[in-house]
Amino acid sequence: MRAPLWRRVALNAAGVGVFLVSAFPVFWMISTAFKPNGEIFSSTPHPLPEHPTLRHFGSVVDGSVAGVSFWSYFANSAAVAIATVVISGLLALLAATAVARFRFRFRTTFLVLLLVVQMVPCEALVIPLFIDLKRMEMLNSLVGLIAVYVGFALPFGVWMLRGFVAAVPKELEEAAALDGAGPLRIFFRVLLPLVAPGLVATSVFSFITAWNEFLFAYTFLKDQDKATLPIMLQFFFGRSGNDWGPIMAASTLLTLPVIAFFLLVQRRMVSGLVAGAVKG
Amino acid sequence: MVAVGLPERTVTRRPPARRGRRAAGRVLPLVPAFGLLALFFVGPILWCVYASFTDISLTGAGASSPHLVGLRNYRQMFSDPAFAKSLWLTVVFVIGSAVIGQNVGGLALALLMNGRHRIVRAVVGGIVVGAWVLPELVAGFMWYAFLSDHGTFNAILRAVGLHGGSWLYSSPLAAVTIANVWRGTAFSMLVYSAALSNVPDELLEAASVDGASGWARLRHVTLPLIRRAMLTNLMTITLQTLAVFTLIFVMTGGGPGTKSQTLPIFMYQEAFKFYHLGYGAALAIVLLAVGAVFSLVYLRAMRKEV
């Protein structure tokens, strides 16, 4: 069933068209970040910077636009994202092991709960969580934000890792137990290496979610020295309106880690996410 | 295999006290995850239901000692023209950008990519998914810059001799819908690509031998076979789109006026700009309910097929 040549060319061309439409805004963001102001604000569009400059990146990084150093926001963002990944990964793996390996009374209840909370639009919870954190005096603290992110990352993580744990043959663990390994040793030495691919996929997912998250960080964190990168960006945008050079430079810097992580594990993550979406 | 059977038998012979400890040991790994889920999902939802019946606010008397006010928030809501408009905008946004835009767009892309050149698939797939992992905030800036008065879109229109417009003012809902389709279509495309790869080629070939056109093959062979994936996808993207906040917040802020004020924006402004937490909680409950209604429709449709 080979289609005629013109058809194949036309369909591949349509693919290229989709590529151009998808890539254009990203291309424009990166290209604007390198343009001097004269080219950004000229009435004839310049697709590529004719005199590329690193000035905008400089003004973002040295903090002359935001007032607070870029690295302070960056450190907050990195701390929040990494803590979310590590804690949610560990807790999700523990829960997934329990659900996949043991039978106990509220097992089904827990599984149903997992499915239901995955359907909750998290943004709807911003008001009660705000009050929650206020009561626990964790408003305006990175720990409170991390706790919320971990809570949001768990349902998907447990659900996905459950499949990975179930796929590990039980005989392996039993053999290790016979050889005298304790439960902790079995968990770390036998199970962990075998579910590592699943852990990588869920980790990347929770990293990207935490790194990109704006609404909760914006609502909970009030001090600039506690703020994460997306808040710095919003701050720029709100204050300087149309100063596109620094905005696009900062956007590019915010996006880089996400794209890097994504390229690193693209295939695994994609298949994992789809499996999560088409969950049984 | 004998060795495998051994520990099982010893387990059944354990005295009751140790069995109880073992049962506790089985549930123990679950406790932290369960606790966090209770703390950050179940608790807040229940609290939200409660708060929606109170006059709790962020400042003033309602902050220190909120009172139960019965259905006052809900009565206020249903007599508030801003709410009716917001609900309507939300439904239009969800149907336009998720049910039609992302869903149909994702299916079309998956069909288009199915059988294309390997390199085209890899490159297009990569970039489309790239749009999806991009921070929502950044996507909002990009589209704001693109569609603003002195933005690139107007410059392109001028270059080909057309008149530009103030797109974010004249048609804000359309603007955020397009931006959200651009951002979210990748997910649907991935789901449909996976589903299409499970459609057996023999069926399509048989249909084609019987003289079915391309459209008829899609309508009568492919679509019924991927029905389940389609409903799951619809449910996921509907719930995601229902909750879209940052994109709209950045691009239009819900405005001009209230022309793109969907429920999440409305809820946020009532709660954190006007400090009406109780009213905001009631709006959150409506948001959750709209999500639940959509989910039930999809779940029922899924059940019917069996």
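**Figure 1. Looking for salt bridges between the two domains of chain A.** In this predicted model, the search for salt bridges across the interface of domain 1 of chain A and domain 2 of chain A comes back with 0. Polar contacts don't turn up either: the rule finds 0 residue pairs of that kind across the interface of these two domains, counting pairs with both residues at pLDDT 80 or more. So what kinds of residues make up the side of domain 1 of chain A that touches domain 2 of chain A? That side divides into 5 nonpolar residues, 2 polar ones and no charged ones.

**Figure 2. Where the two domains of chain A sit.** Chain A splits into domain 1, covering 1–53, and domain 2, covering 60–279. Measure from centre to centre over C-alpha atoms, and you get 32 Å between domain 1 of chain A and domain 2 of chain A. The two do meet: 7 residues of domain 1 of chain A are in contact with 9 residues of domain 2 of chain A.

**Figure 3. A closer look at the patch between the domains.** Together, domain 1 of chain A and domain 2 of chain A bury about 570 Å², with 78% of that on carbon and sulfur atoms. Three residues to pick out here are Met29(A), Ala33(A) and Phe41(A): they supply 66% of the area that domain 1 of chain A buries against domain 2 of chain A, more than any other three residues. Two elements give two or more residues to this side of domain 1, namely α1 (5–33) and α2 (37–40) of chain A. Of the elements, α1(A) gives the most, with 4 residues.

**Figure 4. Chain B meets chain A.** Now for the contact between chains, which takes 77 residues from chain B and 82 residues from chain A. How much area do chain B and chain A bury between them? The answer is about 7,200 Å², and 83% of it is on carbon and sulfur atoms. Phe40(B), Phe41(B) and Phe141(B) supply 10% of the area that chain B buries against chain A, more than any other three residues.

**Figure 5. Zooming in on chain B's side of the contact.** Across the interface of chain B and chain A, the rule finds 0 salt bridges. Polar contacts are there, though: 4 residue pairs between chain B and chain A, with both residues at pLDDT 80 or more. Helix α3 (residues 31–51) of chain B gives the largest share of the side that touches chain A, 13 residues. Sort that whole side of chain B by residue type, and you get 63 nonpolar, 9 polar and 5 charged.

How values were computed: Residues numbered from 1 in each chain as written. Chains lettered and ligands numbered in written order. Predicted model: local features only at pLDDT ≥ 70, side-chain atom pairs only at ≥ 80, totals over all residues. Heavy atoms only, no water. Domains from an automatic or database assignment. Contact = heavy atoms within 4.5 Å. Buried area = accessible area lost by both parts, 1.4 Å probe. Salt bridge = Lys/Arg side-chain N within 4 Å of Asp/Glu carboxyl O. Polar contact = N/O pair within 3.5 Å; in protein donor to acceptor, adjacent residues only side chain to side chain. Nonpolar A, V, L, I, M, F, W, Y, C, P; charged D, E, K, R; others polar.
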